[in-house]
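Me: I'm new to reading protein structures, and I'd like a close look at one part of this one: the spaces within it. Please take me through them slowly, and tell me how to find my way around the chain.

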Amino acid sequence: MVSNEMFDLGAKSSVIREIFEYGKKRSAEIGRENVFDYSLGNPSVPAPESVNEAIRELTLSMNSCDLHGYTSAVGDNDTRQAIADNLNERFGTSFSMKNFYMTAGAAASLCITFRALTEKDDEIIIFAPYFPEYKVFISSAGAKPVEVKCKADDLQIDLEAFEKAITVNTKAVVVNSPNNPSGVVINEETVKGLCAILEKKQKEYGRDIFLVSDEPYRELVYGDVTVPYLTKYYKNTIVCYSYSKSLSLPGDRIGYILVPDEVSNFELVYKAVCGAGRALGYVCAPSLMQRVITKCVGQTSDVSVYKMNRDILLDAFNKYGFKVAKPDGAFYLFMKSPETEASAFCEKAKKYDLLLVPSDSFGFPGYVRLSYCVSTEMIKRSLPSFEKLAKEYNLI
Ligand code: PLP
């Protein structure tokens, strides 16, 4: 009667959502202040005031039918040019509006890109730990996700394993830096190694292999860490971006796909992106938000709060004996589970009303993810519970 595959997807909620729902139920029982929910990646820092100002100004100054009407399918010209100008200034690139396709966030950008690039039986490599929806998006495009595990010591890409995983069917490779769920930023040395392998394999197989850079967390980095801009390292790079995290606008659904001129057969690839957008119904991204981006491009929310949260947790975890991968960005910590089964560890954490996500759905068992996009005050209140948990495992 309906598609079994789609039914299964709709019927099963994600582990993260289940934990979040549990947190809501538990809050009703014991009070919100007593539940320490580290499950969801929903920004806790408000969008900058300039976003609200831009909305007010636009609603006052623009004709309502224009403001809320369809833009062209690929997006508004001024918005796309404003984004191009901003990136060119920051990264020394030379993009123009014709390189951009506006979308309803990174999820749409990825779905369109996978659909545009692949045909049946094409493979797309993803690095574990990964954002769990990659597998859903890739499979529903008709392609096959191929997992390659990152190195356990630093969670950087394992280049040797990567090279071995590339086949004649490899069409694309997805990188996500800063990473969800680990917070790790791929260092420049690894980027160069990855691109060298891609160049070599393109030659060997005589076909294009695209590097898809999923980067909603690009601006969320702490300290003097830089996130290499991948179009400068590898010509066949396509960027999937979103303002969900950098401007704290996840509910407003706005982002873009960037196809640089240097991509081989640019016209063909860009047209395929337009076609996939059309086939999936992702045309004319939200009009009001496109105009907001034109005005606010280059700005971010106050990400210093995330740095403060990260530092408080890292300090505490070092004291309590929990092991965490070096988190240079995003708002996630990836903690090694003190027992083999991460889900058993999460159950024990629940006794202290600490809600953590086991890493199995990220393709990298034996860890838990904490989203620290929560109030600093909640983090501070949760520390005694982490301490008790550490004691239960004899870590201190
Ligand atoms: N990619 C990664 C790595 C994410 O963490 C997320 C959302 O959490 C997305 C893509 C989807 O982002 P959006 O809300 O812009 O669709």
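Reply: Let's begin with how the landmarks get their names. Helices and strands are DSSP runs, with at least four residues of H or I for a helix and at least two of E for a strand, and they are numbered from the N terminus. With that you can place aspartate 121 in the loop between helix 6 and strand 3. Please keep in mind throughout that this is a predicted model.

Now for the main stop. The largest pocket holds about 1,300 Å³ of space, and 44 residues line it. To find the middle, look for Ser14, Ile16, Phe131, Pro132 and Glu133, which lie nearest its centre. Four helices give two or more residues to this lining: helix 1 (4-11), helix 2 (15-30), helix 6 (106-117) and helix 7 (133-140). Which of them gives the most? Helix 7 does, with seven residues. As for chemical character, the lining of this pocket has 20 nonpolar, 13 polar and 11 charged residues.

What takes up the space of the largest pocket? The ligand does. Around the ligand stand 14 residues, and the closest are Asn180, Asp214, Tyr217, Ser242 and Arg253. The shell they belong to is made of six nonpolar, five polar and three charged residues.

Zoom in on the oxygen atoms of the ligand, and you can pick out some polar contacts. Asparagine 180 places a polar side-chain atom 2.8 Å from a ligand oxygen. For alanine 106, a polar backbone atom is 2.8 Å from an oxygen atom of the ligand. Lysine 245 takes part through its side chain, with an N or O atom 2.9 Å from a ligand oxygen. How much of the ligand does the protein bury? On its own, the ligand would expose 390 Å², and 91% of that is buried by the protein.

Stay with asparagine 180 a moment longer. Besides its contact with the ligand, asparagine 180 is joined to proline 181 by a cis peptide bond, with omega about 25°. Proline 181 sits in the loop between strand 5 and helix 9 (188-205). Another cis peptide bond links alanine 128 to proline 129, and there omega is about 5°. You will find proline 129 in the loop between strand 3 and helix 7, and helix 7 is the top contributor to the lining of the largest pocket.

Next comes the second largest pocket, with about 490 Å³ of space. Its lining has 20 residues, and Phe20, Arg32, Asp37, Val374 and Met378 are nearest the centre. Helix 2 comes up again here: helix 2 and helix 14 (376-392) each supply at least two lining residues. Helix 2 gives the largest share, four residues. This lining divides into eight nonpolar, seven polar and five charged residues.

Finally, let's turn to the cavities. How many of 30 Å³ or more does the whole structure contain? A search finds two.

The largest cavity has a volume of about 150 Å³. Among its 16 lining residues, Phe127, Cys150, Asn176, Asn179 and Ile186 lie nearest the centre. Strand 3 (123-128) and strand 5 (170-175) each bring at least two residues to its lining. Of the lining residues of this cavity, 12 are nonpolar and four polar, with no charged ones.

The second largest cavity holds about 40 Å³ of space. Ile186 is part of its lining too, alongside Val175, Ser177, Val191, Ser213, Glu215, Arg218, Val227, Pro228 and Leu230. Here the lining splits into six nonpolar, two polar and two charged residues.

One last detail brings us back to aspartate 121, where we started. Its phi is near 75°, a positive value in a residue that is not glycine. Serine 248, also not a glycine, has a positive phi of about 55°. Look for serine 248 in the loop between strand 7 (237-242) and strand 8 (255-258).

Notes: Residues are numbered from 1 along each chain as its sequence is written. This is a predicted model: local features need pLDDT of at least 70, side-chain atom pairs count only at pLDDT 80 or more; totals for chains, interfaces and linings use all residues. Side-chain values use heavy atoms; hydrogens and water are left out. On a 1 Å grid over the protein atoms alone, a cavity is a set of points where a 1.4 Å probe fits but cannot get out, and a pocket is an open set with protein on both sides within 12 Å along at least five of seven lines; lining residues have an atom within 4 Å of a point. Grid points are joined across faces, edges and corners, and a volume is the space filled by probe spheres set on the points. Ala, Val, Leu, Ile, Met, Phe, Trp, Tyr, Cys and Pro count as nonpolar, Asp, Glu, Lys and Arg as charged, and the others, Gly among them, as polar. A residue is near a molecule or strand if one of its heavy atoms lies within 4 Å of it. A polar contact is a pair of N or O atoms within 3.5 Å; within protein, one must be able to donate a hydrogen and the other to accept it, and residues adjacent in sequence count only if both atoms are side-chain atoms. Accessible areas come from the Shrake-Rupley method with a 1.4 Å probe; for residues, only the protein chains shown count as cover. A molecule sits in a cavity or pocket if more than half of its atoms lie within 2 Å of its grid points.
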